[in-house]
Amino acid sequence: MFSSIKQTPHTQRSRQKLAAAAKRESLYSESDNNSISSQNIIQAPLKKIPITTQYLTSNDKRVISLVGNIPIDIQDLFKKYSHNKIRGELNYTSGYAYLIIGYNCYVWNYQKNSNDVRVFNLPVSGKYFISFIPMSMTNTYSVGLMVCTYEGQIRYWSDIMSSSSNYITLNLEINNDYCTCMERNETNSLLVGTSNCHLYFITIVNLRGTPELICTKVDNSAGLLRKVGTLLFSDSNNKKIIKILPQPEINNLRDVYVVTTHSIQLFEFQSNNQEKLIFDRPILNQLNELFIPPKDQSEIKEKYNPDVKIIDCDITRENQILFLISYKLNDEIQKYHLREEGITDKEYKSNYSFALVFCNIEQEEIKVSNVKLIEKSVTDRNYIAKLVLPNRGPVICILFENTIVLTTTGKDVTYKEIFNINDKILGYGVDRSKIWNPEADTQESIHILSLNKKFLISKLVLKIFIMKIIYELYSYLEQVVFFDSEENPIFFDLPNCSLSDLEIVSKQLSDNILNSKSEFLPPVIDLKSYLSEKLLRLQKIISYLKERNRLDEFSLSSKLSIFWNIEKEAAAIELWKFVNSKIGKSDSNNKPYLNILANIITAFYKSKNISPERDDIIRSFFYDYVSDISSILKFIPIANSEDEQIEINEIILIILEAAYAYRKQNGVKYGINYNSISGIEPWTASEAILNIFQNNFESTEAYLNTNKIYPDLENLKDDSALTNIEKRKKLEDQLVKLASMTLKIFTERIKFIKKTDMVAVLKSLQDEYFEKRSSFIKPLADINRIQTAIELAEEYHDFETLVELSIDNEEKQHYYIDQYGNEYADILYDKLQLRNDYYKLLEQKDKYNVILKNYFNKKNIPLISWIHDIKLKNYHSAYRKLIKPGKIMKQSQRKKQLSIAKLALIAAKNRDKMNDIINDMVNKEEKESTYNKKLEGIF
């Protein structure tokens, strides 16, 4: 058995356990409702537990707690309908759940434990595929609901909180075909698969607030199995799509795996929904061959016919395809394995068993790499089970009708937990943002909907792994980081491990070094040297991964997490340099420096209930809490004087400038730049930091505007006056830096929010940015930093400021029009209108005629734009504008306007007549030329 992967030790163990697993199958058969096999057995009946946030049961690997009840109105319906016909799902992101009972869909907010149930009438059908439509898919502020029937009828409610009668329909043209699955494509579209292996693209379009559905059939979606009628072990009449697996979008391209009963297809979808079939490879043969004795491969078809069926599948974090299969061995295969394992025929029970099969997607083929047997058996071949990967691994959850199996993707990890519950499982929900997030989370959760309750399974996955693989890997990496050098090089390679394990260990070691928790850090003698040593070790992690060609394989969020730790350490070193330069010194009011920083750190300690180990609270922070360097900024106070404002500005600017400088200087060689944004919030662009910089920019500007620090000429030689001059110069310099940094943080945060589903937050933030952008740049011109203001306006496309700074400079105006087109020109032309400078508006160079025409087309100003039409010889357009009655004007002016309109009309007619004459002349010349060529050919 498992012949195609027989070389792996894990497979050898799996092969040895096959017969033993078969022997134990009866212990976990579906008919035995009280059977349990678990490392931590659940014995308490769930029905008797009151609805609170208490734990039902827990161990060091998982916790089970109760979330809430199904609404009473729905529980009453359970008495009227067979439980076998009730199904449902939970949508973790929106908080809504649905249950299908009869021909109705019942929806409620389960996360709020709401009893407000919405009822949606469904088309009559034997089977439904349902999906909640999140706000991010439609760029609206409402959650939608889409239903697809087995026969291909689709209903879409754009807002589940509005009337249930407000829906639109779409009928798929699927003659002699049936729908088998529906999956969101994470954009404004869904994919529907059918029983004949066809794939349909359903796009939601909002036209002026009215939703519409557009259906497109994907080319080549029938695939290889439609062309090949006879495959080994295959039933040519039973080929259908069973699962659609869209992957995260990268560079406007999205891979979509389509799994049929016999094959795996890979499509590449572009942002405009154009698709391309990358491959179509058979898989059922390989799954069948796992159960065939190697020596009899040539007689497979005649002698053996294992009944293998793909139940469910998903893509793991290591980009493996994980299959949940059921299998039943015929008599010939049973005899072979029973002889191999020394088990008598009487001990073997012939049921359908289950297994997890891991497959690597290679360039030429798909190879089985690992198999995990599941101690569970049923008698029904069509038994429904669900494979759930909350975060694409490492945790695996398999949901049977009333049994839950927990295991992991770890190849050498033996953790497995099987337990029953006293309710039928109807559906589940996971946090989809984690599924799409490239970073592996140390804690995952699954919301499970059972017949009478909803409960939550969660666990700390690190405790499953740390005992063996990760501990060994951590030790290897730690030796490299602390003991490898040019004088004493370390030559060993990292032990064989999965990518997710290496990511977890690298981040853990990086965090421990940053937090001064690594045992190999040197004793602290000089703080500056200590911080520099930590920076060196943090850099060693990422440089070693780069040297070993592993860093490029990391998810962007993991790479950023490691790099951000280095940024924080670099920022701490620069901040300590500032602190060290101010120790023992006082400001102009004889107040000691660093009072502000000491108060900030003290407030941070109180918020965390921290008692610093050292008397010097500032030094203590640099020793032990550098990872919280961004958190202390939340405790920045409001300045009560120019001196306090200067110190506050110095603190926040040093931290952020050091971080961005390190990113700019070192990021490129590690594949990180300003545009490297993942689904994890950048520490330099949190909402708190953005607010801090905005507030202190405004406060600094207020001090410069309100307190005129410049002295009179006669007091210029006074020492205090000179101090004020220096103080103002300092504040002006800081205002420039604050403006630049605030805009940088603003744009970085907008890029991050775009990676999330927070549509309303994104719109609000973008509106705030466009409203405030000029307010950060214009004040720089007021303090005579005009060139800096221009540079920032150019960088951040603040065209309003650019227009103000170039309104009297035609050369600059032409440069910006050439550079930005109507984005700049429209604002400039508006400004010229407000100044009644119509001559300058209309006397634009000929090369800007199109840009000015575009401007006039967008503005309703016919009494000006007709002049430009005359210049362009668009006499018809000028006539139409002049003939229309405009604003109230004197009779003499109106007569002049009509006279010009008549002249424009005459010119238009003459132009048309002249065009006709020219066209006739051209045609005549062409005919003569053709005739001459014919004569030349004759003679």
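Guide: The expected span of a helix is 1.5 Å times one less than its number of residues. Helices (H or I, at least four residues) and strands (E, at least two) are DSSP runs, numbered from the N terminus. This is a predicted model: local features need pLDDT of at least 70, side-chain atom pairs count only at pLDDT 80 or more, and totals for chains, interfaces and linings use all residues. Residues are numbered from 1 along each chain as its sequence is written, and side-chain values use heavy atoms, with hydrogens and water left out.

Visitor: How far apart are the end C-alpha atoms of α13?

Guide: Helix α13 has 27 residues. At 1.5 Å a residue, the expected span is 39 Å. The distance between the end C-alpha atoms agrees with this: 39 Å.

Visitor: How many of the 27 residues of α13 are buried?

Guide: Buried means under 20% relative accessible area, exposed over 50%, partly exposed in between (1.4 Å probe, protein chains only). Helix α13 is largely enclosed by the rest of the structure, because its buried residues number 22.

Visitor: How many aromatic pairs are there?

Guide: Rings of Phe, Tyr and Trp (its six-membered ring) pair if their centres lie within 6.5 Å; planes under 30 degrees apart count as stacked, over 60 as edge-to-face and the rest as tilted. By this rule the number of aromatic pairs is 30.

Visitor: What kind of aromatic pair do W576 and F622 form?

Guide: The ring centres of W576 and F622 are 5.5 Å apart. Their planes make an angle of 65 degrees, and the pair is edge-to-face.

Visitor: How many residues apart in sequence are the parts that W576 and F622 tie together?

Guide: W576 belongs to helix α13 (residues 556-582) and F622 to helix α15 (residues 617-624). Both W576 and F622 are buried. Since they sit in those two helices, the pair ties together parts whose separation in residues is 46.

Visitor: What angle lies between the planes of Y816 and Y824?

Guide: Y816 and Y824 are both buried. Their centres lie 5.3 Å apart. The pair is tilted, with a plane angle of 50 degrees.

Visitor: Which residue sits over the ring of F279 with its charged end?

Guide: A charge sits over a ring if NZ of Lys or CZ of Arg is within 6 Å of the ring centre and within 35 degrees of the ring normal. At F279 the charged end is 3.9 Å from the ring centre. The residue is R281.

Visitor: How many salt bridges are there?

Guide: A salt bridge is a side-chain nitrogen of Lys or Arg within 4 Å of a carboxyl oxygen of Asp or Glu. One network of them links R728, K729, E732, D733 and R785. By this rule the count is 21.

Visitor: What separates K763 and D767 in helix α19?

Guide: Their side chains meet in a salt bridge, 3.1 Å from N to O. K763 is partly exposed at 44% relative accessibility, and D767 is partly exposed at 40%. Because they are four residues apart in helix α19 (residues 759-782), the separation is about one helical turn.

Visitor: Which residue forms a salt bridge with E768?

Guide: The closest N and O atoms of this salt bridge are 2.9 Å apart. E768 is partly exposed at 25% relative accessibility. Its partner is K772.

Visitor: How many residues apart are E800 and K778?

Guide: The side chains of E800 and K778 meet in a salt bridge of 2.9 Å, N to O. E800 lies in helix α21 (residues 799-806) and K778 in helix α19. The pair links distant parts of the chain, and the separation in residues is 22.

Visitor: How many residues of β4 are buried?

Guide: Strand β4 covers residues 96-101. Y96, Y98 and I100 point one way, and A97, L99 and I101 the other way. The strand is mostly covered, and of its six residues the buried number is six.

Visitor: Which residue in the turn between β4 and β5 has a positive phi?

Guide: Two strands pair if DSSP finds at least two bridges between them. β4 and strand β5 (residues 104-109) are antiparallel, with six bridges. They form a hairpin with two residues between them. The residue with a phi of about 70 degrees is G102.

Visitor: What is the strand order in the open sheet of four strands?

Guide: The pairing in this sheet is antiparallel. The edge strands, each pairing on one side only, are β19 (307-315) and β22 (366-378). The order is β19-β20-β21-β22.
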